[in-house]
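Here are some notes for someone opening this structure for the first time. Have the viewer ready and follow along point by point.

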Amino acid sequence: MSVTKGAASAMRILAPAVGDDLAETNDAEGLVLRAVSQNDDIAGVRFSREAFEGIDCDRLEFASCRFEHCVFTGISVKRLSFTDCVFDHCDLSALRFVKCGLVRVAMKECRLTGATFMDAAIGHTRFELCTMPYVAFGSSKLRGVAFDGCDLSHASFYNVKHEGMLLSACRLKESEWGGLSLKGMDLSTCDLEGIVVGEGVLRGATVGVEQLIELARILGVRIK
């Protein structure tokens with residue numbers, strides 16, 4: 001664990017390729033049902049203030065779509081994927097993303113309270129100002145994933161394989177980290193109060209001077 005004011009070089013995160021000329025719909029349910037029955041993808045659509053509820057299928061893929069003020073509840077999809085998609089002020093709380101795929105996705109000021117990402121593959125994805133307490137990432141692969149100004153209090157990250165993950169100005173209060181290494185990551189702008197870490201997790205991470213007292217308490221070290 002190192003203390004520095006400098007920032008490490010970061011992986012460039014690719015933005016979603018979503019155009020402005022998107023099809024409009026006011027029947028998200030009907031569109032999803034047709035896509036599922038025809039085993040087709042949903043591409044190039046803007047969804048505004050739609051409710052995605054009770055979707056139960058084996059496969060559902062969205063590409064180049066924009067979701068604005070949408071709510072997702074009760075979704076059970078064995079293979080769910082989003083590619084080149086933007087979520088703006090959406091509610092995805094308590095959803096289970098099992099073996100899902102997120103590629104070039106932006107989530108802006110979304111709510112993901114208690115959401116679960118298990119065995120997920122997430123690449124070039126940015127969570128910006130999202131409310132994510134109690135979110136769980138388990139046995140997932142994260143490549144080029146950034147959390148900017150997010151509330152990740154009580155979140156859990158276990159057995160996550162990551163490359164180029166960034167945490168900036170995030171609330172990590174009482175979050176849990178195990179089975180991974182944060183070596184090379186800059187945590188100096190994050191709230192680390194009560195963070196729970198497994199052996200070696202913080203080795204090689206960068207923190208600020210003002211965080212040392214809190215980390216010493218967590219690690220059982222006395223400072224005189």
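The points below go through the core, the helix, the strands and the cavity.

1. Before anything else, keep in mind that this is a predicted model. Residue numbers start from 1 along the chain as its sequence is written.

2. Start with the core. The largest nonpolar core has 66 residues, and F62, F67 and F147 are the members that touch the most others. A whole run of elements feeds into this core: α1 (28-37), β4 (45-48), β6 (56-63), β9 (76-88), β11 (101-108), β13 (121-128) and β15 (141-148) each put in at least two residues. The largest share, 5 residues, is supplied by β9.

3. F147 is a good residue to click on. Leaving aside residues up to four places away in sequence, F147 is in contact with F127, M132, F137, L142, L152, F157, M165, L166, L167, S168 and C170. Keep S168 in mind, as this residue comes back in point 6.

4. Now look at helix α1. Its buried residues are A28, G30, V32 and A35. What do the buried residues of α1 pack against? They pack against strands: β2 (23-25), β3 (42-43), β4, β5 (51-53) and β6. For the spacing along a helix, a general point helps: an α-helix has 3.6 residues a turn, so residues three or four places apart point the same way. After α1 comes N39, with a positive phi near 55°.

5. Stay in α1 for a moment and pick G30. Is G30 buried or exposed? G30 counts as buried because its relative accessible area, 13%, is under the 20% cut-off. To get a feel for distances, compare G30 with M185: they are 155 residues apart along the chain, and their C-alpha atoms are separated by 44 Å.

6. Next, follow the pairing around β15. This strand pairs with β13 in the parallel sense over 7 bridges, and R126 stands opposite A146 in β15. Strand β17 (residues 161-163) also pairs with β15 in the parallel sense, over 3 bridges; here R143 stands opposite E163 in β17. Then there is strand β18 (residues 166-168), which runs parallel to β15 and is joined to it by 3 bridges. In that pairing, D148 stands opposite S168 of β18, and S168 is also one of the residues that F147 touches.

7. S156 deserves a quick look too. It belongs to strand β16 (residues 156-158). With a relative accessible area of 18%, S156 is buried, because the cut-off is under 20%. Not counting residues up to four places away in sequence, the contacts of S156 are V135, A136, F137 and E176. F137 also turns up among the residues that F147 touches.

8. Finally, the empty space. How many cavities of 30 Å³ or more does the structure hold? There is 1, and the largest cavity has a volume of about 60 Å³. Its lining is made of I75, S76, V77, L80, L95, R96, F97, V98 and C100. Strands β9 and β10 (96-98) are the elements that give two or more residues to this lining. By type, the lining splits into 7 nonpolar residues, 1 polar and 1 charged. So β9 is worth colouring in: it gives two or more residues to the cavity lining, and the largest share of the core comes from β9 as well.

Terms used
Predicted model: local features only at pLDDT ≥ 70, side-chain atom pairs only at ≥ 80, totals over all residues. Heavy atoms only, no water. Core = buried A, V, L, I, M, F, W, Y, C linked by side-chain atoms within 4.5 Å. Buried < 20%, exposed > 50% of the residue type's maximum accessible area, 1.4 Å probe, protein only. Helix = DSSP H or I, 4+ residues; strand = E, 2+ residues; numbered from the N terminus. Contact = heavy atoms within 4.5 Å. Pairing = 2+ DSSP bridges. 1 Å grid on protein atoms, 1.4 Å probe; cavity = no way out; pocket = protein on both sides within 12 Å on 5 of 7 lines; lining within 4 Å. Points joined across faces, edges and corners; volume = space filled by probe spheres on them. Nonpolar A, V, L, I, M, F, W, Y, C, P; charged D, E, K, R; others polar.
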